[in-house]
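Hi everyone, thanks for coming. I'd like to walk you through one structure today, so please have a look at it while I talk.

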Amino acid sequence: MNDPTSLALSTGIADLLAHPETAPAATTVEGTRQHLALGPIGIALLHIERAARSLGPWQRAHDWLAAAAHRPFTSGADSHPFYGAPALAHVLACAAEGLPGAYKRDLDLLDRQVLADVRVRLDAAYRRIDAGQLPKLAEFDAIRGLAGFGRYLLRRDPEGPVLRSVLDYCVRLVEPLTHDGDVLPGWWTLTGPSGRRNDRFPGGHGNTGMAHGIGSVLALLALSACRGATVNGHHEAMRAILSWLDRWERNTPQGRTWPYWVTRDELRTGRLTPTVPRRPSWCYGAAGLARAQQLTALALGDPSRRAAAEDALLDALTDPAQLRATTDAGLCHGFAGLAHLAARTAADATPETATQLRAALPALLSTLLPPDAGPEEASSALVNGPAGPGLLDGAAGIALGALAASSTTPPHTSWDAFLLIA
């Protein structure tokens with residue numbers, strides 16, 4: 001499919017964010033400068049992908065990177081894949097894909113820093129495992145943890161020992177632990193989904209999501225296996241995570257879904273608390289987990305699971321109840337993310353299902369335009385709206401999602417690697 005309206009929306013947003021000096025002030029304040037999700041490096045990612053597609057000038061990307069890098073970036077314990085030096089490394093690596101040799105000196109320096117930071121995190125994680133303690137979400141998740149770091153290493157150093165160590169850690173993470181008499185999956189955390197103690201989760205929870213849960217670890221293991229990077233126990237770990245998801249899946253007339261998380265009481269009773277339909281987003285729910293399972297099925301050579309995962313996504317994208325629960329346009333938990341997931345999944349789907357997934361795209365993309373608004377008006381509303389111009393929830397991410405879903409051409413850079421869906 002080629003959707004000129006979505007392309008026009010992406011172009012309109014990019015033009016409004018052409019230069020830091022003319023963009024909304026929130027994009028360049030110090031509090032967002034190092035944030036991939038909120039700040040100028042995320043907006044640079046939009047211009048990098050567009051320039052790599054010959055849809056815009058490289059100078060825009062350079063200007064946004066310059067706006068971000070006027071002061072040193074945070075590294076070490078206070079940084080993570082969405083903040084500081086590792087986030088900047090992801091963006092510069094995308095630029096180097098479109099402009100081979102660009103930012104080489106800076107990227108080499110950042111790569112060394114990322115490797116050093118990952119080694120420190122791995123040492124701490126293994127000490128925790130050896131002590132029989134449960135992890136924090138930030139130890140392993142996509143946003144702040146080793147799954148996110150592992151995806152970066154899979155791009156930059158796929159045969160290196162540090163990536164192998166991350167994959168070994170993921171295998172260890174899946175091994176069960178006993179706590180207060182309960183046998184728990186090794187990724188169980190004693191906090192709530194926010195990462196903080198929460199009275200609603202007195203025994204903690206097992207998080208299934210792509211942003212903060214075991215979905216990201218499954219996706220990393222699958223992506224690595226598809227690229228030939230495996231370790232001892234790799235396939236067994238993927239199957240163990242799949243078994244957990246199978247245990248808690250819901251089969252409804254509208255399709256298969258998975259809970260955002262499992263509580264201690266639910267674990268003990270084996271029964272999920274009834275809930276209303278929830279949004280099938282990237283961060284939590286059926287859409288992101290369906291993609292992770294499709295990738296895993298491809299890695300394992302399992303056509304039945306592949307078909308089931310693709311059908312689950314198709315059901316989520318066409319179920320009115322789930323779509324009504326989706327209330328915003330962003331990449332993380334909105335319609336741009338659903339459209340991008342549909343396009344990525346279709347590229348690896350069976351021909352029949354690929355056709356059905358692509359047929360769902362026009363309806364998803366139409367939600368990015370307010371009623372009776374054209375691309376120009378919609379672009380302004382999104383850039384200046386409550387979600388702001390940033391990458392994860394805001395206009396830059398919507399522009400990237402619309403661009404990726406507007407044609408059958410895959411992204412020209414690995415801009416979406418931070419989502420662990422490709």
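Let me start with a spot in this predicted model where a charged side chain meets a ring: Arg-278 lies over the face of Tyr-260, 4.5 Å from the ring centre. Arg-278 also lies over the face of Trp-261, and there the distance to the ring centre is 5.3 Å.

Now look at those two rings together. How are the rings of Tyr-260 and Trp-261 arranged? Searching the whole structure turns up 9 aromatic pairs. In the pair formed by Tyr-260 and Trp-261, the ring centres are 5.8 Å apart and the planes meet at 75°, so this one is edge-to-face, as that label applies to planes over 60 degrees apart. Both residues are out of the solvent's way: Tyr-260 is buried, and Trp-261 is buried too. They also have company, since ring pairs join Phe-201, Tyr-260, Trp-261 and Tyr-284 into a cluster.

Next, the cysteines, which I suspect some of you were going to ask about. How many disulfides are there? The count comes to 0. As a reminder, a disulfide is a covalent bond between the sulfur atoms of two cysteines. Take Cys-94: the closest cysteine sulfur belongs to Cys-332 and is 18 Å away, which is too far for a bond. Cys-332 is in no disulfide either, with its nearest cysteine sulfur, in Cys-283, at 3.6 Å. The cut-off used here is 2.5 Å, so a distance of 3.6 Å does not qualify. As for solvent, Cys-94 has 0% relative accessibility and counts as buried. Cys-332 is buried as well, at a relative accessible area of 10%.

Let's move to the helices. The chain has 18 helices and 6 strands, and I'd like you to find helix 18, residues 395–405. How many of the residues of helix 18 are buried? It is 11 of 11. Among them are Gly-397, Ile-398, Leu-400, Gly-401 and Leu-403, along with several alanines, including Ala-395 and Ala-405. What covers the buried residues of helix 18? The cover includes helix 1 (4–16) and helix 2 (40–52), and also helix 15 (335–347), helix 16 (351–366) and helix 17 (375–383).

One more residue before we zoom out: Thr-296, which you'll find in helix 12, residues 286–300. Is Thr-296 buried or exposed? Its relative accessibility is 0%, so Thr-296 counts as buried. Leaving aside residues up to four places away in sequence, Thr-296 touches Leu-218, Ala-222, Met-238 and Leu-242. Thr-296 and Ala-219 are 77 residues apart in sequence, yet their C-alpha atoms are 7.0 Å apart in space.

Finally, the whole chain. Of the 422 residues, 59% are buried. For contacts with a separation of 6 or more, 70% come from residues 24 or more positions apart. A compact globule of 422 residues would have a radius of gyration near 22 Å, and the 20 Å of this chain agrees with that. Along the principal axes, the C-alpha atoms fill a box of roughly 60 × 50 × 40 Å. On the outside, the chain exposes about 16,600 Å², and carbon and sulfur atoms supply 52% of that.

That's my tour, and I'm happy to go back to any part of it.

How values were computed. Residues numbered from 1 in each chain as written. Predicted model: local features only at pLDDT ≥ 70, side-chain atom pairs only at ≥ 80, totals over all residues. Heavy atoms only, no water. Phe/Tyr/Trp six-rings, centres within 6.5 Å; stacked < 30°, edge-to-face > 60°. Buried < 20%, exposed > 50% of the residue type's maximum accessible area, 1.4 Å probe, protein only. Lys NZ or Arg CZ within 6 Å of the ring centre and 35° of its normal. Helix = DSSP H or I, 4+ residues; strand = E, 2+ residues; numbered from the N terminus. Contact = heavy atoms within 4.5 Å. Rg over C-alpha atoms; globule rule 2.2 N^0.38 Å. Areas by Shrake-Rupley, 256 points an atom, 1.4 Å probe, with all protein chains shown as cover.
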